[in-house]
Amino acid sequence: MKPFRYHRIKTLQEASHLTQEPGAVILAGGTNLIDMMRLEIMNPAAVVDIQSLPLNQIETLPSGGFRIGSLVRNSDLAFHPSIQKEYPVLSQAILSGASPQIRNQATVGGNLMQRTRCTYFRDGISPCSKRNPGTGCSAEHGYHRSHAVLGISDSCSATHPSDMCVALAALDAQIVLEGKKEKRTVPITEFYLLPQNTPWKETALEPAEIITAVDLPELPEGTRTCYLKVRDRSSYEFALVSAAVVLEFNQNQIQKARIALGGIAVKPWRVPEAEKLLHHSTPSKKLFQTCAETALKGAKPKKDNEFKVELAKRVILHALSLASKTKKE
Amino acid sequence: MTLKINEPKAKESTMAKAVQWIGAPLDRADGELKTTGKARYAADFPLERMVYGVPIVSPAASGSLIKLEVEAAEKLPGVLFILTHENAKKIFPIQNDFGTATKLAEGRFPLQDKKIYYAGQYVGLAAAETLEIAQEAARLIKVICKEERSALDSEEELPYSYFPDNNWGTPLPVIRGNFEKAFSNTEVQLKAVYTTPVEHHNPMEPHACTAVWDGDNLILYESTQWVVGARNVVADALGLPREKVRIISHFVGGGFGCKGFVWPHTLLAAMTAMHLKRPVKVVLSRSQMAAGVGHRPATHQELSIGSSKQGKLTAIKHHTITQTSFLDDFLEAAGGPTQSIYSCPNLLVSYQVVRLNHGTPTFMRAPGECTGLFALESLLDELSYTLNLDPIELRLNNLSDKSPEEELPWSNSHIKECYELGSKIFGWKERNPKPKTMKRKGFLVGLGMATAMFPGVRSPGAAKVKILSDGTAEVLSATQDLGTGTYTTMKQIAAEVLRISPHRIVSKLGDSSYPPAPVSGGSMTSASVGPAVKSAAEKAIEALIHISIKDSSSCLYHLPLEKIHAADGKLVYQDDPSKTEIFEEILKRNNLSHIEGESFVKPDNSAEGYTVQSHGAQFAEVEVHPLLGQIRVTRMVGVFDVGRILNQKTARSQAIGGMIMGIGMALHEKTVYDPRTGRVVTDNLCDYLIPVMADSPAVEADFIDKPDPRFNSLGVRGLGEIGITGVAAATANAVYHATGIRIRDLPITPDKLLKWL
């Protein structure tokens with residue numbers, strides 16, 4: 001770990017001001033940042049500790065739905081009675097990630113900002129455009145079993161590792177950003193950028209901006225959800241493929257559907273074409289199968305991760321069938 | 001190190017008489033030290049003026065070193081020394097030999113030449129006032145190499161492979177009868193190829209060495225499975241008399257084979273400490289442990305098996321293609337179990353070894369046995385379906401009273417009882433033999449079994465037992481406790497002889513200055529050191545008796561010594577039990593602080609004419625998701641015949657630990673090298689998966705617990721490795737039973753099942 005300046009700030013303005021410095025990063029729970037600093041993948045000049053900001057509340061929004069402060073710990077969010085009741089898919093997703101110790105420490109904002117687990121990114125020496133712009137991608141012709149098949153470019157196919165964010169994407173969550181003149185909200189799907197030729201640009205976050213909250217829109221009565229994750233071991237492991245599905249039901253008809261995929265794409269991945277097939281439909285295995293096929297249409301697998309395409313289809317199929325059977329009170 | 005002695009319990013004196021200490025499920029003697037953080041491992045000794053050393057590694061996998069650009073690093077404040085091939089001390093050549101206890105892990109000394117054999121090889125060491133400065137210095141140093149073509153692909157290198165002509169002296173190939181002829185004439189023929197990947201030991205505690213020079217004397221706090229071997233290698237290599245080098249390894253946070261012999265970082269630490277005249281600490285990173293402290297090499301095993309329709313084996317061929325480095329001729333002897341469990345008149349076991357630009361492989365828990373049994377016990381399972389025979393029945397059909405390999409009777413074997421007890425505990429009879437028939441809560445359920453085995457191994461070992469004038473005792477031996485329970489079992493053995501409570505005995509281990517003991521490998525510590533402790537304790541009692549019968553103030557004065565024995569912390573006269581004397585009184589009256597017995601026990605010839613081998617039966621139940629292919633082991637049972645059990649609790653821990661490691665082998669573990677650079681891609685615990693608690697099901701281990709007195713005076717055979725040996729096959733067989741899909745390539749991950757489900 002390299003020497004850095006450390007600022008413990010008390011106000012958002014202070015934090016915003018300090019993060020404009022080149023090489024400044026924000027410290028919240030630290031479960032990912034400290035790891036990255038110890039590996040010397042991230043070598044910040046300054047660390048701005050925002051843990052004393054009052055951003056650890058979960059509140060209802062006047063328009064319905066909830067506002068989750070960005071410093072709310074992952075465990076607190078997952079076990080919050082309203083979240084468990086209203087957004088079980090979010091609880092399930094959070095609890096399927098990391099370990100209890102990590103979830104107790106990690107924050108919502110930190111979870112959104114966590115970096116990829118691509119082994120070449122993390123080894124500090126292999127060519128990697130995400131780490132060292134312009135050096136290329138070692139995974140492309142190297143080992144890429146855990147890599148993405150959706151949204152990839154020649155310069156990067158690293159996955160976004162979060163489970164929570166997959167559920168947030170299926171819930172149409174909005175990211176609240178503050179620090180510049182205008183407070184703004186960005187839909188989570190637009191918050192993450194595609195790697196294209198600039199894989200080092202990962203989010204829409206601008207200098208001086210800080211994630212202060214995540215807004216969850218209200219779900220209509222009768223919505224059924226499911227988070228399904230497949231991985232190589234039973235716990236404490238990132239997804240090979242995961243899916244969060246949110247189905248708005250009216251009687252036995254699906255009114256609207258939202259499907260987000262994890263472990264298989266460069267960012268929490270929505271599949272609008274596939275979702276459309278489910279709008280105003282009667283659930284059936286055949287329909288779900290068509291939906292799964294459609295979701296994976298743009299997949300570009302490579303040698304080691306070819307299996308993810310088939311696996312993802314099955315995960316979608318199974319998640320849809322599980323969700324449609326889950327009755328919400 | 002002093003271990004805390006628990007106050008003797010109130011009724012201990014009566015207990016000592018009644019309780020058989022050997023076998024008792026005593027808690028670990030070192031448990032409290034470990035759980036309270038007081039146990040000091042190799043990197044935990046706080047020394048003044050400590051220097052931190054960080055190895056500098058080669059980015060290239062082959063070629064030669066042109067130079068190290070060290071200028072920027074040297075300018076860094078706090079940097080003390082950059083050790084390179086140019087300033088490294090010349091190392092004395094040594095005999096690289098197990099027999100003389102001078103076995104090197106990698107058959108080459110570091111920094112003595114410019115050759116590069118694998119990525120991650122040490123080409124220097126940065127030493128600095130703090131760890132952070134040393135890391136920064138190591139990072140700033142540019143390693144300039146002339147890269148050559150690297151041998152990284154086993155298949156590509158196959159034409160350059162060699163056929164080893166022996167395995168530890170046993171000529172290869174192993175031939176019995178005529179395989180080709182018998183196979184072509186047999187009624188049922190099966191052929192299959194099984195593959196296992198490279199695996200890494202990944203013990204919790206990384207390799208670490210703290211080197212301290214005191215004048216001409218060198219102390220190394222070293223995480224090692226063999227303090228005596230490390231002492232000999234370091235002394236000989238540095239040209240020091242062996243008595244000037246002391247290795248201390250009080251606690252080892254797991255080894256599994258990768259700490260059996262001296263790896264190069266230990267010598268780098270010693271050389272740097274010699275140069276700087278300050279203590280130097282080197283702790284390897286997880287990534288460095290992937291490159292330079294050994295691994296289990298991959299195997300490609302071609303098996304052919306011939307059988308009668310009734311299930312009697314007629315012919316077996318087992319050809320293993322495996323890998324080693326360009327530095328050593330390591331052999332993962334996967335054919336071992338094929339030679340030594342089932343009787344089969346026609347057999348051919350052979351090997352082919354490919355050299356790769358990888359670090360040297362090394363022994364990893366049950367080397368050869370667990371890779372070989374995965375193949376053999378899987379193919380027997382396949383045969384059982386072909387023949388429509390119960391897998392246990394098939395195995396029973398092919399057992400023999402004599403070892404198939406040496407044609408000698410077993411010293412003691414209860415393999416049939418293992419199958420019997422195991423299938424009873426596991427509920428084997430409830431299994432519907434037809435695959436894909438058992439279901440539970442939407443999952444396919446499968447039950448599989450396999451035979452476990454490990455040869456009985458022992459080596460010469462020594463120990464000293466001291467009876468102290470306060471009525472306590474000490475056991476001293478230069479063996480080491482890898483977390484297995486040796487601290488506890490050795491004092492149980494002494495307690496049984498001395499007839500005092502083990503709570504009044506302290507084991508002192510892990511120090512090369514104590515009486516010598518062999519490597520804690522090959523599952524041989526109990527069988528090698530245990531008898532020495534027993535004998536030393538007997539000698540200590542004998543010495544005490546000699547003093548008492550010569551002591552005119554003693555009530556035992558002039559009594560016949562053969563009629564005096566120890567009981568309940570006293571010497572007692574057999575013909576008149578009122579004549580007793582407490583140990584401490586005898587010692588105090590004679591102004592003795594202690595009395596001791598020391599013993600060096602070599603394997604005797606009582607096992608001559610017999611084959612010593614441990615066996616077991618292992619059972620696994622799995623649940624497989626019928627759509628997603630996720631596999632979970634839900635239940636495991638292992639019953640082992642390993643001779644006498646020294647401590648039911650630590651033995652059980654050893655066995656279930658091995659079985660859980662077996663789940664890793666079956667479902668998770670795989671080392672991947674980058675196909676272009678030869679670097680280990682899975683050099684961290686995020687990419688190299690081992691089972692977590694959620695993967696560790698209800699595991700039951702039981703023992704036949706019958707002594708093998710021909711093998712040694714305690715009748716123990718050791719059980720460090722047998723627990724892992726049958727797990728991969730039992731799991732693969734259970735997966736087949738659940739799904740009808742035979743996976744012959746480890747680990748069994750969801751993607752391999754997917755295309756068949």
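**Two interfaces around chain B**

Let's start with one contact between the chains: A:R145 forms a salt bridge with B:D751, and their closest N and O atoms sit 2.9 Å apart. Keep in mind that this is a predicted model. The rule finds two salt bridges across the interface of chain B and chain A, and it also picks up 13 residue pairs in polar contact there, with both residues at pLDDT 80 or more.

Which helices of chain B each supply at least two residues to the side that touches chain A? They are helix 4 (131–140), helix 17 (648–668) and helix 20 (750–754). Helix 4 of chain B gives the most to that side, with four residues. Sort the chain B side by class and you get 15 nonpolar, six polar and ten charged residues.

Now for the extent of this interface. Chain B brings 31 residues to the contact and chain A brings 32. Between them, chain B and chain A bury about 2600 Å², and carbon and sulfur atoms give 57% of that area.

Next, look inside chain B. The chain is divided into domain 1 (12–39 + 459–602) and domain 2 (365–372 + 403–455 + 608–754). Over C-alpha atoms, the centres of these two domains of chain B are 36 Å apart. Their contact takes 24 residues from domain 1 of chain B and 20 residues from domain 2 of chain B.

How much area do domain 1 and domain 2 of chain B bury between them? The value is about 1600 Å², with 58% of it on carbon and sulfur atoms. If you want a few residues to click on, try B:I22, B:S523 and B:A527: together they supply 30% of the area that domain 1 of chain B buries against domain 2 of chain B, more than any other three residues.

On the polar side of things, the rule finds two salt bridges across this domain interface of chain B. B:R644 forms a salt bridge with B:E496, where the closest N and O atoms are 3.5 Å apart. Ten residue pairs are also found in polar contact across the interface of domain 1 and domain 2 of chain B, both residues being at pLDDT 80 or more.

As for the elements involved, helix 14 (486–498) and helix 15 (525–550) of chain B each supply at least two residues of the domain 1 side that touches domain 2. By class, that side of domain 1 of chain B divides into eight nonpolar, twelve polar and four charged residues.

Note on methods. Residues are numbered from 1 along each chain as its sequence is written. Chains are lettered from A and ligands numbered from 1 in the order in which they are written. This is a predicted model: local features need pLDDT of at least 70, side-chain atom pairs count only at pLDDT 80 or more; totals for chains, interfaces and linings use all residues. Side-chain values use heavy atoms; hydrogens and water are left out. Domain bounds come from an automatic or database domain assignment. Contact means heavy atoms within 4.5 Å. Buried area is the accessible area (1.4 Å probe) that two parts lose on being put together, summed over both. A salt bridge is a side-chain nitrogen of Lys or Arg within 4 Å of a carboxyl oxygen of Asp or Glu. A polar contact is a pair of N or O atoms within 3.5 Å; within protein, one must be able to donate a hydrogen and the other to accept it, and residues adjacent in sequence count only if both atoms are side-chain atoms. Ala, Val, Leu, Ile, Met, Phe, Trp, Tyr, Cys and Pro count as nonpolar, Asp, Glu, Lys and Arg as charged, and the others, Gly among them, as polar.
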